[in-house]
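Grab a coffee and work through these short exercises with the model open beside you. Try each task before reading its solution.

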Amino acid sequence: AEPESVCSLLSVEFILQRDVGLNVVVRSVGRLRIVTINSAEPFISALFTGVDDEPLTTAAQRSYLKKQLVELLVLHDSCRLLRERLLRACLEEGKPLVVELGDDGDDEDVDVNGTVTWGHQLTRPDSGFAKPFEAQLAEALEAFEAARKKCEALPVTLLGKVHPEDLEFSVATMLACACFPTTTRLAAFAELDSAQRMDTVLALLAEQQKVLRAKLALVVVFGSSSSS
């Protein structure tokens with residue numbers, strides 16, 4: 001699937017009215033594919049259909065993904081702790097901390113709260129590596145279920161019926177991709193094979209772990225040499 005063909009079903013979590021405009025906190029709770037755009041003014045009106053990952057058909061598939069999910073949790077936690085150590089080391093040495101997000105030319109600075117900006121959008125401070133992944137996953141699954149209950153009251157089906165374990169794999173892999181640049185996030189969002197997305201996430205996290213270890217070692221070595 002092309003990334004542009006899949007869009008988010010958003011749940012509005014918070015609205016803050018400003019003197020000019022407003023701030024809105026939203027959470028993606030599902031995916032939709034646009035079939036036809038009926039009009040663009042004054043608002044976009046379109047025909048769309050719900051999108052879910054391809055169903056897992058065997059116990060062996062679920063068992064394999066369950067093992068990979070454990071690996072994801074370990075890698076994510078390792079990256080989160082390495083980032084914290086890198087931040088502390090840089091602050092102790094009085095060095096600015098710039099995290100390269102990477103592969104699409106949209107490198108951005110990450111502040112001490114882990115907030116990343118892309119244009120006018122702002123990720124939640126607890127997204128990415130700034131919060132334990134298990135806590136993020138639990139919150140995301142809870143939000144998904146709340147959105148499902150709301151959708152059940154609508155005259156159309158927006159969210160399909162998904163096996164609980166399959167849902168956990170889908171949400172976990174998409175959530176983990178929020179740690180990475182826009183291009184990667186969109187590609188993962190459009191991917192309908194949760195096993196393929198899991199492979200992508202594990203490769204990205206493993207590479208991130210190597211980079212963070214190398215950066216931390218450089219800061220420690222050069223910091224030690226400059227202080228001696």
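**Exercise 1: a helix and its span**

How many residues does helix α3 have, and how far does α3 reach from its first C-alpha to its last?

Solution. Keep in mind that you're looking at a predicted model. Start by finding residues 164-176, the stretch that makes up α3. Counting along gives 13 residues. From the first C-alpha to the last, α3 reaches 18 Å, which is close to the 18 Å expected at 1.5 Å a residue.

Next, pick out the residues of α3 that are tucked away, using under 20% relative accessible area as the cut-off for buried. The list is Asp166, Leu167, Phe169, Ser170, Val171, Ala172, Thr173, Leu175 and Ala176.

**Exercise 2: the sheet**

In what order do the 3 strands of the open sheet stand?

Solution. The order is β1-β2-β3, and the pairing is antiparallel. β1 (6-17) and β3 (45-51) sit at the edges with a single partner strand each, so one side of each has no neighbour in the sheet. Going from one strand to the next, the twist averages 55 degrees.

Now check the pairings one at a time. β1 is joined to β2 (residues 22-39) by 11 bridges; to get your bearings there, look for Leu16, which stands opposite Asn23 in β2. On the other side, 7 bridges join β2 to β3, and here Thr36 stands opposite Leu47 in β3. β2 and β3 form a hairpin, with 5 residues between them.

**Exercise 3: a greasy patch**

Which residues make the nonpolar surface patch of about 500 Å²?

Solution. Colour Leu10, Val12, Ile15, Leu22, Val24 and Val26 and you have the patch. Then ask where these residues come from: β1 and β2 each supply at least two of them.

Take Val26 as a test case: is Val26 buried or partly exposed? First, place it: Val26 is found in strand β2. Then look at its relative accessible area, which is 38%. Buried would need under 20% and exposed over 50%, so Val26 counts as partly exposed, at 38%.

**Exercise 4: the whole chain**

How many helices and strands does the chain have?

Solution. The tally is 5 helices and 5 strands. Walk from the N terminus and you'll meet the elements as β-β-β-α-β-β-α-α-α-α. To finish, set the burial of α3 against the whole: of the 228 residues of the chain, 36% count as buried.

Notes
Residues are numbered from 1 along each chain as its sequence is written. This is a predicted model: local features need pLDDT of at least 70, side-chain atom pairs count only at pLDDT 80 or more; totals for chains, interfaces and linings use all residues. Side-chain values use heavy atoms; hydrogens and water are left out. Two strands pair if DSSP finds at least two bridges between them. Helices (H or I, at least four residues) and strands (E, at least two) are DSSP runs, numbered from the N terminus. Axes are lines fitted to C-alpha atoms, for helices over the stretch in contact, and angles run from 0 to 180 degrees between N-to-C directions. Patches are made of residues with over 30% relative accessible area and no salt bridge: like charges are joined within 9 Å, nonpolar side chains (Val, Leu, Ile, Met, Phe, Trp, Tyr) within 5 Å. Accessible areas come from the Shrake-Rupley method with a 1.4 Å probe; for residues, only the protein chains shown count as cover. A salt bridge is a side-chain nitrogen of Lys or Arg within 4 Å of a carboxyl oxygen of Asp or Glu. Buried means under 20% relative accessible area, exposed over 50%, partly exposed in between (1.4 Å probe, protein chains only). The expected span of a helix is 1.5 Å times one less than its number of residues.
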